[in-house]
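Me: Please take a close look at the enclosed space in this model. Which residues and elements make up its walls, and how do those walls join the rest of the fold?

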Amino acid sequence: MQMIKCVVWDLDDTLWEGTLRDDEAGVKLLPDIVNVIATLDQRGILHSIASRNSWEQVKRKLEQLEIDHYFLYPQCHFESKAASMERIAKELNIGLDALAFVDNDPFERFEVNYYVPEVRTYAAEQYREMLEFPEFQLVQASEEASSRRQYMQARQQREEAQRAYKGSREQFLKECQMKLHIRTARPEDYARVVELSHRTNQMNSLLERIDYPFVESFCSQADNVLFVVKLEDRFGKHGLIGTCFATVVGDRIDIKLFCISCRIEGRGIASAFLYTVMERLGRQAQQANTVWCQLVRKQRNLPARLLLEMIGFKKMHTEDEQSSYMLELPLPHMAFDWLEIGEIGNES
């Protein structure tokens with residue numbers, strides 16, 4: 001089941017009782033709604049808004065109610081709420097099927113269902129029950145899940161800084177002072193590795209959903225190596241944002257699975273991570289002459305295929321929906337001058 005990554009709330013008679021434009025002073029939050037929002041936030045589920053009120057008035061009320069910090073990319077205008085769903089999904093870089101829309105008006109829910117049927121809709125009176133629905137459950141508790149909103153807010157600050165920046169793209173990335181810390185996984189990383197497999201689609205090579213025992217079993221076998229990567233930049237720490245399962249047998253390195261968060265797209269981080277993993281494995285296994293990677297070829301993980309091709313992998317054969325990609329060693333030279341890549345064991 002696709003997990004919900006963001007809940008989009010209507011406001012009047014959904015998040016709060018009353019109509020903001022008619023009686024701003026009389027508007028009050030629904031009972032227990034703050035607990036619902038906070039609980040979902042701790043589970044790593046984001047919140048946004050689709051409302052037909054003016055943003056200035058909504059912002060003022062959210063601040064007065066002390067819940068303004070929960071909402072990312074709010075959409076307050078008089079256009080279709082279906083359009084708001086598409087904008088929010090685009091801003092967060094997630095699929096429409098990862099959005100939930102809550103509204104008291106059946107017309108609004110029908111319209112969203114009609115134009116963007118991937119979005120799951122809920123009546124306003126279901127807000128307490130949502131906490132028990134399987135699509136809102138936490139796959140695996142991790143530090144990254146409870147801090148996801150802060151990571152996304154840092155991403156939003158970076159995007160705003162980029163829009164205001166007048167120099168080149170590469171110079172901007174350098175000024176972000178991005179540092180990658182790549183190392184082999186430790187047991188305390190396993191929960192986040194599991195969560196990444198469930199939350200990623202675009203950069204999930206096999207669209208595989210794994211569990212904790214699988215990670216433990218993989219890491220217990222001698223030929224296997226599990227890598228993880230953390231990121232920080234001038235806007236803050238972004239947590240553990242990628243993982244790569246690899247095996248070295250004889251003269252070949254096999255990348256069994258890689259999963260990289262879509263939060264860090266557009267910065268060359270995915271290619272730097274995968275390239276560095278292969279570079280380190282190549283140094284450790286000097287007899288290896290090829291790297292292989294299996295890839296499920298679906299539209300939803302197209303960025304994963306483009307990543308392999310950009311690094312230099314060639315498709316060798318395809319069976320059903322799964323393709324085998326191969327890259328000959330030594331690796332082609334690639335430079336990531338806009339990043340600082342830390343050595344194993346030197347993460348902060």
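Reply: Start with the walls of the largest cavity: helix 6 (148-164) and helix 8 (190-199) each give at least two residues to its lining. Helix 8 contributes the most, with three residues. Bear in mind that the model is predicted.

Now the space itself. Rolling a probe the size of a water molecule over the atoms shows where empty space is left. Across the whole structure, the search turns up two cavities of 30 Å³ or more. The largest holds about 150 Å³ of space. Its lining counts 13 residues, and Arg148, Arg199, Ser261, Cys262 and Arg263 lie nearest the centre. By class, that lining splits into six nonpolar, two polar and five charged residues.

The second largest cavity has a volume of about 70 Å³. Met3, Ile4, Arg43, Ile45, Glu135, Gln137, Leu138, Val139, Glu195 and Arg199 form its walls. Five of these count as nonpolar, one as polar and four as charged. Note Arg199: this residue is among those nearest the centre of the largest cavity, and Arg199 lines the second largest cavity too.

Next, the open space. The largest pocket contains about 270 Å³. A lining of 19 residues surrounds this pocket, with Gly95, Asn201, Gln202, Gln299 and Arg300 closest to its centre. The lining of the pocket has seven nonpolar, eight polar and four charged residues.

From here, move to the sheet. Strands of a sheet pair through backbone hydrogen bonds, either parallel or antiparallel. Here five strands make an open sheet in the order 5-4-1-6-7, with parallel pairing. Strand 5 and strand 7 (120-123) sit at the edges, and each pairs on one side only.

Strand 1 (residues 6-9) is the place to look closely. Cys6 and Val8 point one way from strand 1, whereas Val7 and Trp9 point the other way. All four are buried. On one flank, strand 1 is joined to strand 4 (residues 46-51) by four bridges, in parallel. Within strand 4, Leu46 is the bridge partner of Cys6. Strand 6 (residues 99-103) is also joined to strand 1 by four bridges, and those two strands run parallel. Val8 has Phe101 of strand 6 as its bridge partner. The pattern continues outward: four bridges link strand 6 to strand 7, again in parallel. In strand 7, Tyr122 is the bridge partner of Val102.

What fills the interior around these elements? In soluble globular proteins, nonpolar side chains tend to be buried together. The largest nonpolar core in this model has 47 residues, and Phe258 and Phe313 have the most contacts inside it. Helix 10 (residues 269-284) supplies nine residues, the most of any contributor to this core. A second, separate core has 28 residues, including Val7, Trp9, Leu40 and Val102. Val7 and Trp9 are the two residues that point the same way from strand 1.

Phe313 deserves a list of its own. Beyond its neighbours within four places in sequence, Phe313 touches Met278, Val291, Trp292, Cys293, Leu308, Tyr325, Met326 and Leu327.

Last, the backbone. Most residues other than glycine have a negative phi, and most peptide bonds are trans. Three places in this model depart from that. The peptide bond from Leu329 to Pro330 is cis, and its omega is near 5°. Pro330 sits in the loop between strand 14 (322-328) and strand 15 (339-342).

Glu66 is not a glycine, yet its phi is positive, near 60°. Glu66 belongs to the loop between helix 2 (55-64) and strand 5 (75-76). Leu207 also has a positive phi, about 50°, and is not a glycine either. The loop between helix 8 and helix 9 (212-219) holds Leu207.

Are these two residues buried or exposed? Glu66 has a relative accessible area of 61%, so it counts as exposed. Leu207 has a relative accessible area of 17%, so it counts as buried. The loop with Leu207 brings us back to helix 8, the element that gives the most to the lining of the largest cavity.

How values were computed. Residues are numbered from 1 along each chain as its sequence is written. This is a predicted model: local features need pLDDT of at least 70, side-chain atom pairs count only at pLDDT 80 or more; totals for chains, interfaces and linings use all residues. Side-chain values use heavy atoms; hydrogens and water are left out. On a 1 Å grid over the protein atoms alone, a cavity is a set of points where a 1.4 Å probe fits but cannot get out, and a pocket is an open set with protein on both sides within 12 Å along at least five of seven lines; lining residues have an atom within 4 Å of a point. Grid points are joined across faces, edges and corners, and a volume is the space filled by probe spheres set on the points. Ala, Val, Leu, Ile, Met, Phe, Trp, Tyr, Cys and Pro count as nonpolar, Asp, Glu, Lys and Arg as charged, and the others, Gly among them, as polar. Buried means under 20% relative accessible area, exposed over 50%, partly exposed in between (1.4 Å probe, protein chains only). Two strands pair if DSSP finds at least two bridges between them. A nonpolar core is a set of buried Ala, Val, Leu, Ile, Met, Phe, Trp, Tyr and Cys residues joined through side-chain atoms within 4.5 Å. Contact means heavy atoms within 4.5 Å.
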